[in-house]
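Got your viewer open? Let's walk through this one together, selecting a few pieces at a time.

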Amino acid sequence: MTPPKVTPDIAEPAQRATTSAVSSCPGPVSDAATPETAMPDTPAPALKILAKRSQFLAAARARRQGAGSMMVQARRRAEDEPEAPEAIRVGFTCSKKVGNAVARNRAKRRMREAARAVLPLQGRPGWDYVLIGRKDQTADRPFELLKQDLARALERLHAERAPGPKHPRKDGARG
């Protein structure tokens with residue numbers, strides 16, 4: 001099958017349309033959007049990606065909070081851990097319960113974008129976060145609600161907890 005021929009009289013307006021769409025026309029100018037007010041005083045902490053299985057397992061042993069569209073695990077790193085002490089580290093995972101590879105990758109992409117939007121604002125430096133996708137919820141939930149779920153989970157994870165009552169062991173032993 002041969003490609004359709006494009007005549008110069010058709011190609012030139014199309015090319016002009018694409019180049020004019022990327023024009024250098026400034027957007028609406030606002031007095032409030034000066035560089036001094038647009039940038040915060042302190043830079044947002046850098047997001048690093050968890051890559052090793054041991055890092056995911058360490059987060060799995062720490063705090064966890066369910067949200068409507070994902071599970072969030074979080075742990076505060078020890079002071080003696082040398083790797084990026086001021087950075088926020090984040091990992092993403094989806095089990096095969098979420099679906100095939102296409103569904104898992106879509107869910108992880110959505111969680112990645114939500115993390116980029118929410119973690120620099122509400123995450124804490126020196127913490128590791130693992131976001132775990134849920135079947136039929138992570139991929140289908142509207143993106144604004146996905147970000148709200150992550151923000152709500154972070155609020156609950158970082159809330160001060162009152163010590164709970166000690167429950168007696170089933171075998172009657174103390175300790």
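In what sense do strand 1 and strand 4 pair, and over how many bridges? Select strand 1 and residues 88-93, which make up strand 4: the two run in the parallel sense, and three bridges link them. Keep in mind as you click around that this is a predicted model.

**Stop 1: the sheet**

While those two strands are up, pick Lys48 and look across to strand 4, where its bridge partner is Arg89. Remember Arg89, since we'll meet that residue again.

Now bring in the rest of the strands. There are five in an open sheet, and their order is 1-4-5-3-2, with mixed pairing. Select 47-49 and 63-66 to see the edges: these are strand 1 and strand 2, and each has a pairing partner on one side only. Going from one strand to the next, the twist averages 25°.

**Stop 2: the helices on the sheet**

Next, select residues 101-122. This is helix 4, lying across strand 1, strand 3 (70-76), strand 4 and strand 5 (127-133). Compare directions with strand 4 and you'll find helix 4 running at about 160° to that strand.

Then add residues 143-158, which are helix 5. Helix 5 packs on the sheet too, and the strands it touches are strand 2, strand 3 and strand 5. Its direction makes about 140° with that of strand 2.

**Stop 3: salt bridges**

Time to show some side chains. Side chains of opposite charge can pair when their charged atoms come close. How many salt bridges does the structure hold? Seven, and we'll visit a few.

Start with Asp128 and Arg75, whose closest N and O atoms are 3.4 Å apart. Asp128 sits in strand 5 and Arg75 in strand 3, so this salt bridge ties together parts that are 53 residues apart in sequence. Are the two partners buried or exposed? Both Asp128 and Arg75 are buried.

Now go back to helix 5 and select Glu144 and Lys147. Their side chains meet in a salt bridge, 3.3 Å from N to O. The two residues are three apart in helix 5, which means about one helical turn separates them. Glu144 is partly exposed, at 49% relative accessible area, and Lys147 also counts as partly exposed, at 21%.

Stay on helix 5 for Asp149 and Arg152, another side-chain salt bridge, this one at 3.5 Å from N to O. Here too the partners are three residues apart, about one turn of the helix. Asp149 is buried with a relative accessible area of 2%, while Arg152 is partly exposed at 37%.

To see a joined-up set, select Arg75, Arg77, Arg89 and Asp128 together: salt bridges that share partners link them into one network. So there's Arg89 again, the bridge partner of Lys48 from the first stop.

**Stop 4: Gln55**

For the last stop, select residues 53-60, which form helix 3, and pick out Gln55 within it. Gln55 is buried, with a relative accessible area of 11%. Which residues does Gln55 touch, leaving aside those up to four places away in sequence? Show Leu50, Glu83 and Arg89 to see the contacts.

Finally, put a distance label between the C-alpha atoms of Gln55 and Val130. They are 9.3 Å apart in space, although their positions lie 75 residues apart in sequence numbering.

Terms used:
Residues numbered from 1 in each chain as written. Predicted model: local features only at pLDDT ≥ 70, side-chain atom pairs only at ≥ 80, totals over all residues. Heavy atoms only, no water. Pairing = 2+ DSSP bridges. Helix = DSSP H or I, 4+ residues; strand = E, 2+ residues; numbered from the N terminus. Axes fitted to C-alpha atoms, helices over the stretch in contact; angles between N-to-C directions. Contact = heavy atoms within 4.5 Å. Salt bridge = Lys/Arg side-chain N within 4 Å of Asp/Glu carboxyl O. Buried < 20%, exposed > 50% of the residue type's maximum accessible area, 1.4 Å probe, protein only.
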